[in-house]
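Please go through the model below. A short report on its chains, rings, cysteines and surface follows.

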Amino acid sequence: MAAHRCSYSALLLIICSLSMFIVADSQETTLTGDNHATELDNPQTATETAGQMAEQPAVEERRLWEATEVEEATPDDADTDKQDTSTPETAVPSSVPQPKDDFQEELVIRPLHSGDIYASFQFRTLWETDFMRGNKVSHYRLFPKSLGQVISKFSVRELHISFTQGYWRTMQWGQPFLPSPPGAELWVWFQDSVTDVDGTWKELTNVLSGIFCASLNFIDSTNTVQPSASFKPLGIGNVTDHSFLRYATLPREIVCTENLTPWKKLLPCGSKAGLAVLLKSEKLFHSSFHSQAVHIRPVCQDWQCKTTSWELRQTLNVVFDLHTPGQGKREWSLFKMFSRTLTEACPLASSSKIYIDITDNPQGEQFEVSPATPLLSQAMVLGDRRTFSVYDLTQQITFGTVRSLNLLIRWKSSEGDMLRPLLHGERYVAGYGLQTGEIHTLMYNNHPYRSFPVLLLDSVPWYLRLYIHTLTVASKGKDNKPSYIHYQPSKDRVRPHLLEMLVQLPPNSVTEVTVQFERALLKWTEYTPDPNHGFYVGSSVISSLVPSIVAMDTNSTREQPLFSSFFPCKEESSYFVRVYTEPLLVNLPTPDFSMPYNVICLTCTVVAVGYGSLYNLLTRSFQIDEPSPGLAKRIANIIRKMRGVPPL
Amino acid sequence: MVGVPLWWRTTETYRAWLPVSQINELANMQLQLSADVEVVFARGTVTPEQQKKVPLTQTQDEEHTVDGDLIFKAWDHRFESPCGSLVVYVIPESSSLLPEDMDVYIGQRRTALLRIGAQMRVGRTVEQLLAHLEPRIKQVLQVMSFSHTDITAALSDRVRLSPGNKESIADSMRAFKSSPGYEITFSLLNPDPKSHRLHWDIEGAVQTYIQPLLTKLAPVANFSLDSQTLYYAMLGVNPRFDSSSSAYTLNSDSLAHVINPVEARLGSNAASSNPVLNFLLYVPDAHHSPLYIHDNKKQEVPSNAFHSPRWGGIMVYNVNGFYRPEAVLPVDININMAKVMGVFLAQLRLLLGVQSSTAPPGFLMAPCGSTGLADWELDRLMWSRSVENVATATTTITSLAQLLDQIGNIVINDNIAEQVSSAVTSLQLAVAELEAGNLGFALQYSKEAIMASERAFFDPSLLHLLYFPDDQKFAIYIPLFLPMCVPILLSLLKIVSEARQKRREKQAKKD
């Protein structure tokens, strides 16, 4: 190598002197010629090190796999200096750069009052990078490459996608940590550099449907809306121009293993280590409620928000029905629910914890948790101070002597009252016949003395033609005038109805919103393959700032459990809640689909009969016919013929 | 009578006009490639009387005589010759520019030095001199721009190859098909994050080693680069333990099964549909290291890497040296990117089809320099790419025309007709530019042709009425025509029977 460098420096020197010579005197050809000889000598030695990618000779047959015979093909020449400084192949713990990304995982288990178990997984990847700037080369470590490419290609500011099977029963189970409507939901904030938002949205849904193996490609302009107030960005950035927001739901989407597998693939540890080993699809989908989601948003790294980073939150919520698997004894364990136990944390995770909600069980009179843990933690969740037992999976002691953690909850009594959720909603279709109907939306404020405003968002497909003049909002029998209404009428086959309003809910009351509609007749190709099943109408969304019982934590960057830090808290006195109502199933007038063919046959027959008689009229020649002899005469003639007598 | 034109008008499919004759012409097209070659004679190679007689242009080559100095000016001022052309400098035999045993030196740019043979001095006339030079210039040309095998390899998918040149078939099968863009993905596979934590400075390495090459290749295609780290990524086969060398080995026949489980996790590029070149760096876990790849002859492959044609490359990087008994797990390991990128760069060249033709004896090649690619290598690639593009676009267009000709149900919209004619125009332009030797334009036009032809071929509107079976038409028309046939058939029967009766009567009369 040293010899090389010598020759190169010599070469440089020669080139310099050479150019000087040429400038000075072009007559000294002999001298320059000699110089060139030395220049050309160098390549001979240099070729040895140059990238000689000699392929193995004698390729007898079509071989798919071949060994590459490569000598060290370093681009020498210009890079000689670089090679000197390049880090030698050593294990240097001190010089290791601080990774710019961070991964956390956690599992919250909350025994519900109905006797069910609510398990909520959250995986968070934080990455200190800038997708906004158009840096071309992207290098991913913990953040999944496929999502990163989507964000940078489509200039996404925020992306929230959820797939849910089953309906969250707020009245029995309380509020979930992360609400989601049945079916698929997707809402995206684009950056303001996007010019063609609709085109980008269409492409994005197609790409996401490929990534998540879901029918998101059915999202088009007929089920996409631009809510004006209900869906504000959850990350940093004060965007108010809702033309960069798109929201769509597919209430019919069925969620199953094929959606779970790509979702698990986005985790850095996959399902090989950490909490994700529990995610076995045969158990997860044998449950009352299953919801998986991906949320991507930019967040602040510190309190002053000097540095920003991208947050990818993957959540999976599941409610197991206890009564069916274990009759008699009410018992719950990790193994029974997930058919796996935990043996290690994901080695890439900076924190890996299991929380068990023991708020309703301070003295252990309701249920008993084993193994016991000395670690307790308190967190403000949904306006309530909850107490959790914490199992830290990064500590070896958690796994005990058997090197495996199998949490067990044994119920002692099933008493205890659940605090009624302060806000929940219901929805149903009223009316009879197949022409008109009425949508009723009920919003319950269970707070004993505080009234609070809620934002109601309704997106109704165009084939239910809303009569907006029949819209009534009533609470406690009195008319309750909304302070803000944003209504965008539908266009047939182009866009749905969008109805958003801000309603003040009086304390301890039910507010009913009704609106009448007419069912439209579809074209025969627009019906689904099973039209008599009915047509789904997505859930209404009720978003609200609910007055809190305890002071909420407004510092979003402080270290706190993941489940309590999703919705940012702006003020201490209230917390943000989003409630989804049931989706509706509406019957539309359905024709008999064999009718067109019947009509074709019938009209054709009529035409043919008419044609036949016309044809006969035109082609027959009419002539007077001799009246034929009577029957008796013919018989008599036959007899006479047989007898050989001439006929009559 | 009124119904027939109405029925005709409403049931016909819309078919825009296509330049069928031009397409048919394309199908039987003869490609002609030409390259500009400038031959410069240094002082002392040509005698004055020869100098006078040198013709200015010849069929293939263009020749000038100039003073010797100019050569060196050209060398030093990095004389930029246009893409696709060549400059051959002929130097006297006594010149010390070249080492004794070498006759030809091929530079990094589009230049070559050619030593005039000793016996050449014997030939006195220009014709003799040129006749002597011609085969050698041809040889240089074959190395530096294109040869027959290159072109056949580029056309291998379109043209049936004569058996014999298997080497070039292997070459052409290895390289990716021509495409307007490529995605290059580097993946670091870490099967055991518990025992080692790997750090690779991929950003710096890409800037240093890969980017110069890609910048140089920019006229051929667009490249996008990214990298990822995959944890718990296992190989598909269990390496065998070789007790003699106390190492694990992967045999060449088991390599085929290595990639499949990994590929499921690599993820396709969500944001584009260009072909992806995968480069995997596999760092075996502590229990399976060191791991070596063995070739057919059970020999260790020195680079410890292999590549899969039209897919990418895999390199195994052993780190077992870092597991000291006292080491605390996980061990932090910095990967030597110079070593890794050397292998990947070589594989990248192979997969992109930069053919490293072995030089004939007596040839001396310049080192490839900081970009890893000489200008003439780029030209070679561009030649074969343009030919391949032209061939692909031609087949696409002709097969589309054939298909549309055969199946009458297909609707041809105006935009498809537009795409087809633009593809045909670009093709003709590309062919003309190839003939003229304007390589850059030829490649550009051939790319446009390929894009337009693919867009036309894969347009979804072609499929709308493609499957419209005859039994459905039958089912719709039969309720009308069957009852209508009844009176017609009856009257026909009647006519026949009447005619028969008449004939019988006539015969009776005759009798």
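Which residues do ring pairs link into a cluster? They are A:Phe103, A:Phe121, A:Phe123, A:Trp263, A:Phe320 and A:Phe338. Rings of Phe, Tyr and Trp (its six-membered ring) pair if their centres lie within 6.5 Å.

This is a predicted model, in which local features need pLDDT of at least 70, side-chain atom pairs count only at pLDDT 80 or more, and totals for chains, interfaces and linings use all residues. Residues are numbered from 1 along each chain as its sequence is written, chains are lettered from A and ligands numbered from 1 in the order in which they are written, and side-chain values use heavy atoms, with hydrogens and water left out.

## The two chains

Chain A has 11 helices and 28 strands. Chain B has 14 helices and 16 strands. Helices (H or I, at least four residues) and strands (E, at least two) are DSSP runs, numbered from the N terminus. The table sets out burial and area. Buried means under 20% relative accessible area, exposed over 50%, and partly exposed in between (1.4 Å probe, protein chains only). Areas come from the Shrake-Rupley method with a 1.4 Å probe; for residues, only the protein chains shown count as cover.

| Chain | Residues | Buried residues | Exposed area | Share from carbon and sulfur |
|---|---|---|---|---|
| Chain A | 648 residues | 50% | about 31,300 Å² | 55% |
| Chain B | 511 residues | 52% | about 24,800 Å² | 56% |

Contact means heavy atoms within 4.5 Å. Take the contacts in chain A with a separation of 6 or more: residues 24 or more positions apart account for 75% of them. In chain B, the corresponding share is 78%.

## Aromatic pairs

Over all chains, the whole structure holds 32 aromatic pairs. In one of them, the ring centres of A:Trp168 and A:Trp173 are 5.1 Å apart and the planes stand at 75°, so the pair is edge-to-face. Planes under 30 degrees apart count as stacked, over 60 as edge-to-face and the rest as tilted. A:Trp168 is buried, at 6% relative accessible area. A:Trp173 is buried too, at 3%.

## Cysteines

How many disulfides does a search of the whole structure find? There is one over all chains. A disulfide is a covalent bond between the sulfur atoms of two cysteines. The cut-off used here is a pair of cysteine sulfur atoms within 2.5 Å. The bond joins A:Cys269 to A:Cys346, with S to S at 1.9 Å. The link of A:Cys269 and A:Cys346 is right-handed, with 70° about the S-S bond.

A:Cys269 sits in the loop between α7 (257-265) and α8 (281-284) of chain A, and A:Cys346 in the loop between α9 (334-338) and β12 (351-357), so the pair ties together parts that are 77 residues apart in sequence. Are these cysteines buried or exposed? A:Cys269 is buried, at 3% relative accessibility. A:Cys346 is buried, at 2%.

A:Cys213 is in no disulfide; its nearest cysteine sulfur belongs to A:Cys256, 11 Å away. A:Cys256 is likewise in no disulfide. A:Cys213 counts as partly exposed, at 44% relative accessibility. A:Cys256 is partly exposed, at 31%.

## A nonpolar surface patch

A:Tyr597, B:Phe474, B:Ile476, B:Ile478 and B:Leu482 form a nonpolar patch on the surface. Together they have about 470 Å² of accessible area. Such a patch takes residues with over 30% relative accessible area and no salt bridge, and joins nonpolar side chains (Val, Leu, Ile, Met, Phe, Trp, Tyr) within 5 Å. A salt bridge is a side-chain nitrogen of Lys or Arg within 4 Å of a carboxyl oxygen of Asp or Glu. Helix α14 (residues 470-510) of chain B gives the most to the patch, with four residues. B:Phe474 has its place in this helix. At 54% relative accessibility, B:Phe474 counts as exposed.

## Two single residues

A:Glu128 lies in the loop between β3 (117-127) and β4 (138-139) of chain A. A:Glu128 is partly exposed, at 30% relative accessibility. Leaving aside neighbours within four places in sequence, its contacts include A:Lys100, A:Thr307 and A:Gln301. The C-alpha atoms of A:Glu128 and A:Gln301 are 8.2 Å apart, across 173 residues along the chain.

B:Thr185 lies in strand β6 (residues 181-190) of chain B. B:Thr185 is buried, at 3% relative accessibility. Beyond neighbours within four places in sequence, B:Thr185 touches A:Lys145 of chain A. Its contacts in chain B include B:Asp226, B:Gln228 and B:Phe279.

Definitions and conventions: Patch = residues over 30% accessible without salt bridge, like charges linked within 9 Å, V, L, I, M, F, W, Y side chains within 5 Å.
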